[in-house]
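Trainee: I should like to request a close look at a single part of this structure, with the surroundings described as far as they help to place it.

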Amino acid sequence: MALTFQSLYTNYTDHTSDTNAGNITIGKARINDTYKELLGMHDWYFAEKTATFTPTASDYTYDLSYDFGRMVAVTVKVGDAHYSLTEAASHDEWQRIQMYRDTSTSDYPTHYHITGDELQIYPVPSSTAASATGTMYYIKRVVDMTADDYTTGTVTLTNASTTVTGSGTTFTAAMVGRSIKGTVDARWYELASFTSTTVMATKKAFQGTTDSSLAYTIGEVPIIPEDYHNLLWYQPVATYWMMKKETDQAAYYQSLYERGKKEFFNAYSKRSRIQILNPLGGRYGRPIPTAYGANRWGEPTVAWGGSEEFWGGSN
């Protein structure tokens, strides 16, 4: 079951049996620390986002997204060809590459580097091609969760629609990015836009049965898979009991955390081993996409047939 931030710190106070305001504040901070610890373990696919940019003549710098954390890959599509850029291994290497910036231009970039809040590419684009599109694949930066659940009024949710219509609600723009769940459907839907105090829209269309006057919850839901939301309060509770020198209690919750963290990593650190049919016959793994290793999609690193290496393993 998915847990909102309020549910997480309520579990923390329940399992520490300490509702003191100071303990609640500490618990919230430790929940966020644990959240960031888990997200920092790996480049999780569920934390990935993309942003596009348009390569422009004589312009080699492009702004990073506001929620940029770290880059996974950069590609540029020119016509029907996709090119994967190589990241400069260090600032010194980038400076050496940049020595030729003023004399070398091309519509087919080969390298990139992150400097401050900018993406820089090389060579400098020689023209602004209508068919050229750049894509950044990155891990988003997660900020601390702070918001309590919001349940005032009722909502109308319509099957196959993204519109959330409230009655007696006071929606705010700050709710964008949080998630909503109505009593008619067990799923959570991320809120994508704010229109007014009574109208918002979800990122994906509602899949439940159309209904009105619904009780609902809007809350901050962690992006990690919901089966592992409990990890976010296990560790803080273990720390609480350790500080109280209650070693048996501390060891119990710490063991729950360590076992769950291991299961979480094993379950989600690898992408799926999707199998597709070779047009020439036989079953083979999917070729590695450009963003994760191929030179360009028109010339894949992994060829069809034979005993090549596959995305997610060998055949």
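The part in question is a group of linked charged side chains, and the reply then turns to the sheets.

Trainee: Which residues are linked with Glu37 in a network of salt bridges, and where does each of them lie?

Mentor: This is a predicted model, and a word on confidence is therefore in order before the detail. The average pLDDT of the protein is 87, and 86% of the residues score at least 70. Residues 273-315 are a stretch where pLDDT stays under 50, although the model has 70 contacts there beyond four places in sequence. Where pLDDT is low, predicted coordinates should not be read in detail.

The network that you ask about joins Glu37, Glu258 and Lys261 through salt bridges. Lys261 takes part in two of the pairings described here, one with Glu37 and one with Glu258. In the pairing with Glu37, the closest N and O atoms are 3.6 Å apart. Glu37 belongs to helix H2, which covers residues 21-39, whereas Lys261 belongs to helix H5, residues 247-268, so this salt bridge ties together parts that are 224 residues apart in sequence. The pairing of Lys261 with Glu258 has its closest N and O atoms 3.8 Å apart. Here both partners lie in helix H5, 3 residues apart, which is about one turn of the helix.

The accessibility of the three side chains completes this view. Lys261 has a relative accessible area of 19% and is buried, the cut-off for that class being under 20%. Glu37, at 34% relative accessibility, counts as partly exposed. Glu258 is also partly exposed, with a relative accessible area of 36%. The network thus joins a buried lysine to two partly exposed glutamates.

In total, the structure holds 6 salt bridges. Another of them is formed by the side chains of Asp185 and Arg187, with an N to O distance of 3.3 Å. Asp185 counts as buried at 10% relative accessibility, while Arg187 is partly exposed, its relative accessible area being 44%.

The sheets give the wider setting. Strands of a sheet pair through backbone hydrogen bonds, either parallel or antiparallel. One open sheet consists of 4 strands in the order E1-E8-E3-E4, with antiparallel pairing. Its edges are strand E1 (48-53) and strand E4 (81-84); each has a single partner strand, so one side of each is left without a neighbour in the sheet. From one strand to the next, the twist averages 30°. Strand E3, residues 68-78, pairs with E4 in the antiparallel sense over 4 bridges, and Lys77 has His82 in E4 as its bridge partner.

A further open sheet has 7 strands, ordered E14-E9-E10-E13-E12-E11-E15, and its pairing is antiparallel. Strand E14 (211-214) and strand E15 (216-219) stand at its edges, and each has a single partner strand, so one side of each lacks a neighbour in the sheet. Neighbouring strands of this sheet are turned against each other by 35° on average, direction ignored. At the E14 edge, strand E9 (residues 154-157) runs antiparallel to E14 and is joined to E14 by 2 bridges. Val155 stands opposite Leu214 in E14.

Conventions:
Residues numbered from 1 in each chain as written. Predicted model: local features only at pLDDT ≥ 70, side-chain atom pairs only at ≥ 80, totals over all residues. Heavy atoms only, no water. Salt bridge = Lys/Arg side-chain N within 4 Å of Asp/Glu carboxyl O. Buried < 20%, exposed > 50% of the residue type's maximum accessible area, 1.4 Å probe, protein only. Pairing = 2+ DSSP bridges. Axes fitted to C-alpha atoms, helices over the stretch in contact; angles between N-to-C directions. pLDDT = per-residue confidence, 0-100. Contact = heavy atoms within 4.5 Å.
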